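Trainee: Could we go through this structure together? I would like to learn how the descriptive words are earned.
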Amino acid sequence: MLRALDGDAGAYRVLLADLQERLAAYFARRLAADRATAEDLTQEALLAIHAKRATFDRTQAVTSWTYAIAKYKLIDHFRRTGRRPASALDDIAEPAAPDESAAAEARADVLRGLEGLTPRARDLVVSVKLQEQSIAEVAARTGLSESAVKVGVHRGFLKMARRLRGQDGAPQDPASGADEP
Amino acid sequence: MSELIDRLAADLKPTPAGAVAARLGLGLGAGAGVSVVLVGMGLGVRPDIGQAVLGAMFWIKLAYVAALGLIGLWCAERLARPAGVASRRLPLLLAPLLAIAALAAWQMTASAPPARMGLMMGHSARICPWLILAASLPPLAGLVWAVRGLAPTRLRLTGALIGLAAGGAGAAAYALHCDEAAAPFVAVWYSLGVAGAAALGAVLGPRSLRW
C-alpha cells in the first residue's frame with residue numbers, strides 16, 4: 001500500500017486484487033443470498049478505496065482501514081434501502097474469519113512470492129494468472145508481443161515457485177511485509 | 001472486476017504526505033478569510049485596534065480561541081479517515097479551557113464584588129455568541145467541503161470537531177471587532193459561541209459529511 005501511495009501501479013494492482021477478494025467475502029457473508037448487491041458493494045468499496053486512498057494512514061494496517069470503508073458502505077446501503085441487517089450491527093464491527101485461515105495462508109504465500117518479482121513481471125503474472133485476462137489483452141495493454149507475455153508469465157511463475165521453496169535466498173518469514181504491498 | 005482494477009491502477013497518481021491536513025487547512029483558511037472580510041465590512045474592525053494589539057488581552061483572546069480551533073482541526077485530521085480515532089488528542093482541549101477559567105477566576109477575585117457582574121457581562125454578552133456563530137459559518141462551509149473529499153466514518157463526532165475548528169476561526173475573526181477585554185467575559189461568551197459552532201457541526205455532520 002505504501003508503494004501504491006507513492007505511485008507504484010504494479011503494487012497497487014496486486015493490492016486491489018487482494019482487497020477485492022476480501023471485500024467480496026466480507027459482503028457475501030453479511031448479505032446472505034443477495035449476490036448482486038454484494039458484488040455492487042464490492043465495486044463501490046473498491047472505488048472508494050481508490051478515491052479516498054489519501055486518507056490511509058501510513059501507521060495503520062491496510063486491512064482495518066479497508067474493512068472500515070467496507071462497513072461504512074454496508075451501513076450506508078442499509079440506510080438507503082431501509083432494510084435491517086441480517087445480523088446485529090455490532091457483528092459488522094470486526095470480520096470474524098474462522099474459515100479464512102487456510103485461505104489467508106495461501107494468500108500470504110502468493111503475496112510473498114509476488115514480492116520477489118520485478119514490477120513488470122508481477123503485473124504480467126497477476127493479470128494473466130490471477131485476473132485471468134487473455135494473453136492478447138495483456139499484450140495489447142503492455143505493448144509486448146504475445147510470446148513475450150507468455151515467457152514473462154512463465155518466468156515469473158518459476159521465480160515465485162523458487163522463492164516459496166526457499167531456493168532463492170530470500171527471507172522465509174511469512175510476516176515480512178506480505179500484508180503491505 | 002479486473003477491468004475496474006486496471007482502470008484504477010492506470011489512474012494512480014502519487015499521494016503527497018500530509019494530504020489530509022492540507023485539504024482541511026485549505027477549507028478552514030479560505031473560510032476564515034471570508035469571515036475576516038465579513039467582520040471587517042459588516043461589523044467593522046474595532047477603532048482602537050492600534051491600541052488593542054499592544055495589550056495582552058487582545059492576544060489572550062486570540063490565543064484562546066485559536067487553541068480551541070487548532071485542537072479541533074488536529075483531531076479532525078484523524079477523524080476524517082476511516083476508523084480514525086482522536087482519543088489521545090481530544091483531552092488537549094482541557095488546556096485552553098482550564099487556562100481561561102483560571103485567568104477568569106483570578107480576575108474575578110482580584111476585583112471588588114460590585115464590579116464582578118460587569119466583568120462577566122460586558123456590554124455585548126447577549127449578542128456576542130451569536131456573532132461568533134455567524135462568523136463560524138464560512139469556515140464551517142469550507143471544512144464541510146474539505147471533509148466531503150475525505151472519508152470520515154464517525155460523522156457526528158467529525159462534524160463536532162470541524163464545528164469546533166470553525167468556531168475558533170470565527171471567534172478569532174470576531175475578535176477583530178470585539179472590544180471586550182475581561183477574561184470572565186471571554187471564558188463565558190466566547191466559549192459559548194465556539195461551543196455553539198461545534199454543536200451546529202455535530203448536528204449537520206451525519207447529513208452533510210457523507211461520501
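What follows is a talk about how values lead to labels.

Mentor: Happy to help! Keep in mind that this is a predicted model. Chain A has a mean pLDDT of 77, with 76% of its residues at 70 or more. Over residues 87-99 of chain A, though, the pLDDT is below 50, and this stretch has 16 contacts in the model beyond near neighbours in sequence.

Trainee: Let's turn to the rings. Why is the pair of A:Y26 and A:F27 called edge-to-face?

Mentor: Two values decide it. The ring centres are 5.3 Å apart, and rings pair if their centres lie within 6.5 Å. The planes stand at 85 degrees, and angles over 60 count as edge-to-face. So A:Y26 and A:F27 make an edge-to-face pair. Together with A:Y67 they form one aromatic cluster.

Trainee: How do you know whether A:Y26 is buried or exposed?

Mentor: Look at the relative accessible area, which is 1% for A:Y26. Buried means under 20%, so A:Y26 is buried. A:F27, at 0%, is buried too.

Trainee: What makes B:F58 and B:W59 a pair, and of which kind?

Mentor: Their ring centres are 5.1 Å apart, with the planes at 90 degrees. The limit for the centres is 6.5 Å, and edge-to-face needs over 60 degrees, so this pair is edge-to-face.

Trainee: And which label, buried or partly exposed, belongs to B:F58 and which to B:W59?

Mentor: B:F58 has 6% relative accessibility and counts as buried. B:W59 has 46%; partly exposed runs between 20% and 50%, so B:W59 is partly exposed.

Trainee: What makes you say that B:R89 lies over the face of B:W74?

Mentor: B:R89 is at 3.9 Å from the ring centre of B:W74, and the distance cut-off is 6 Å, with an angle condition of 35 degrees from the ring normal as well. B:R23 lies over the face of B:W145 in turn, at 4.2 Å from the ring centre.

Trainee: Now to the two chains. Why are B:D6 and A:R13 said to meet in a salt bridge?

Mentor: The distance from N to O is 2.9 Å, and the rule asks for a side-chain nitrogen of Lys or Arg within 4 Å of a carboxyl oxygen of Asp or Glu. The pair fits that rule and is called a salt bridge. Across the interface of chain A and chain B, the rule finds 4 salt bridges.

Trainee: How many residues of each chain are in contact there?

Mentor: 36 residues of chain A touch 28 residues of chain B. About 2,800 Å² is buried between the chains, and carbon and sulfur atoms give 62% of that area.

Note on methods
Residues numbered from 1 in each chain as written. Chains lettered and ligands numbered in written order. Predicted model: local features only at pLDDT ≥ 70, side-chain atom pairs only at ≥ 80, totals over all residues. Heavy atoms only, no water. pLDDT = per-residue confidence, 0-100. Contact = heavy atoms within 4.5 Å. Phe/Tyr/Trp six-rings, centres within 6.5 Å; stacked < 30°, edge-to-face > 60°. Buried < 20%, exposed > 50% of the residue type's maximum accessible area, 1.4 Å probe, protein only. Buried area = accessible area lost by both parts, 1.4 Å probe.
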